[in-house]
Amino acid sequence: MPRRPRRSLHPETPAPTRSIPPPHRYRVPLPVTLPVILAAALVVTAAAQAATVRVRDGSVGFAYRVTLIPVNGTVNAVQSSDTTLDFAALRRTRTTVTVNLAALKTGIALRDEHAREALDARNFPNASFTLENFSGPERLPDGQAVQGDVTGTFTLRGVPRPLKAPVTLTRRGNSLNVQATFTVNPQAHGVNVKGGDTSTRVTVNLTLAP
């Protein structure tokens, strides 16, 4: 008779399965990641605060003397173009402020005409200032004021000249009030008035807002 295979008294133990370890995760130490996170947050914040704005309210005053007689006047027609305001990086702020000389007022209509003629407002209706650099604090928190200097190009009667002026900047929410006082030489711009002074004091007060 054929022999039957003998059964083992001990059941076969399945071969142990090898566990596959999870992929190793490299952890970057917190002191390394924290500066990166903070830098990214500052970039996002600065980008969020940058905005295109324009002049909402502005006036320019001037004090001039002709044969020792003071001639004071104002211009309320003030506009701006290509204006970007960044409260987180004031040095990035750029603008060109334009003053319509046809709106010049001295208090006497005939004198207004003479002033516009001297400025050749018919051919050069605007005076302008193009901001090229701001020197001062980098950031401007809400409700605070800072002082600094602006440099750029001032153009009168079609003649551009470099200009540097001290300014006071005051932030109120998303708006910026700008106050500046400086002097210009009209003759350097081709404005020649008999007996006219070589120095004209100019005051600027305007608000930039979205």
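1. Contact range. In this predicted model, 57% of the chain's contacts with a separation of 6 or more join residues 24 or more positions apart.

2. Secondary structure. The chain contains ten strands and two helices. Read from the N terminus, the order is α-β-β-β-β-β-α-β-β-β-β-β. One helix therefore opens the chain, and the other stands between β5 and β6.

3. Burial and surface. The chain has 210 residues, and 31% of them are buried. Its accessible surface is about 14400 Å². Carbon and sulfur atoms hold 56% of that area.

4. Largest pocket. The volume of the largest pocket is about 970 Å³. Its lining consists of 45 residues. Those nearest the centre of the pocket are Val60, Ala127, Phe154, Phe182 and Val202. By class, the lining has 38 nonpolar residues, six polar ones and one charged one.

5. Nonpolar core. The largest nonpolar core has 37 residues, and the members that touch the most others are Leu169 and Leu206. At least two core residues come from each of β2 (54–66), β4 (78–85), β5 (94–100), β6 (126–135), β7 (145–156), β8 (159–172), β9 (175–184) and β10 (200–209). Strand β9 gives the largest share, with five residues.

6. Surroundings of Leu206. With neighbours up to four places away in sequence set aside, Leu206 contacts Val55, Asp57, Gly58, Val78, Val97, Leu176, Asn177 and Val178. Leu206 falls within the range of β10 (200–209). Among its partners, Val55, Asp57 and Gly58 fall within β2 (54–66), Val78 within β4 (78–85) and Val97 within β5 (94–100). The remaining partners, Leu176, Asn177 and Val178, fall within β9 (175–184).

7. Thr67. The backbone at Thr67 has a phi near 45 degrees, which is a positive value in a residue other than glycine. Thr67 sits in the loop that links β2 and β3 (69–75). Is Thr67 buried or exposed? Its relative accessible area is 55%, so Thr67 counts as exposed, the cut-off being over 50%.

8. Asp82. A positive phi also appears at Asp82, near 50 degrees, again in a residue other than glycine. Asp82 belongs to strand β4, whereas Thr67 is in a loop. The relative accessibility of Asp82 is 68%, so Asp82 is exposed too.

Terms used:
Residues are numbered from 1 along each chain as its sequence is written. This is a predicted model: local features need pLDDT of at least 70, side-chain atom pairs count only at pLDDT 80 or more; totals for chains, interfaces and linings use all residues. Side-chain values use heavy atoms; hydrogens and water are left out. Helices (H or I, at least four residues) and strands (E, at least two) are DSSP runs, numbered from the N terminus. Buried means under 20% relative accessible area, exposed over 50%, partly exposed in between (1.4 Å probe, protein chains only). Contact means heavy atoms within 4.5 Å. Accessible areas come from the Shrake-Rupley method with a 1.4 Å probe; for residues, only the protein chains shown count as cover. On a 1 Å grid over the protein atoms alone, a cavity is a set of points where a 1.4 Å probe fits but cannot get out, and a pocket is an open set with protein on both sides within 12 Å along at least five of seven lines; lining residues have an atom within 4 Å of a point. Grid points are joined across faces, edges and corners, and a volume is the space filled by probe spheres set on the points. Ala, Val, Leu, Ile, Met, Phe, Trp, Tyr, Cys and Pro count as nonpolar, Asp, Glu, Lys and Arg as charged, and the others, Gly among them, as polar. A nonpolar core is a set of buried Ala, Val, Leu, Ile, Met, Phe, Trp, Tyr and Cys residues joined through side-chain atoms within 4.5 Å.
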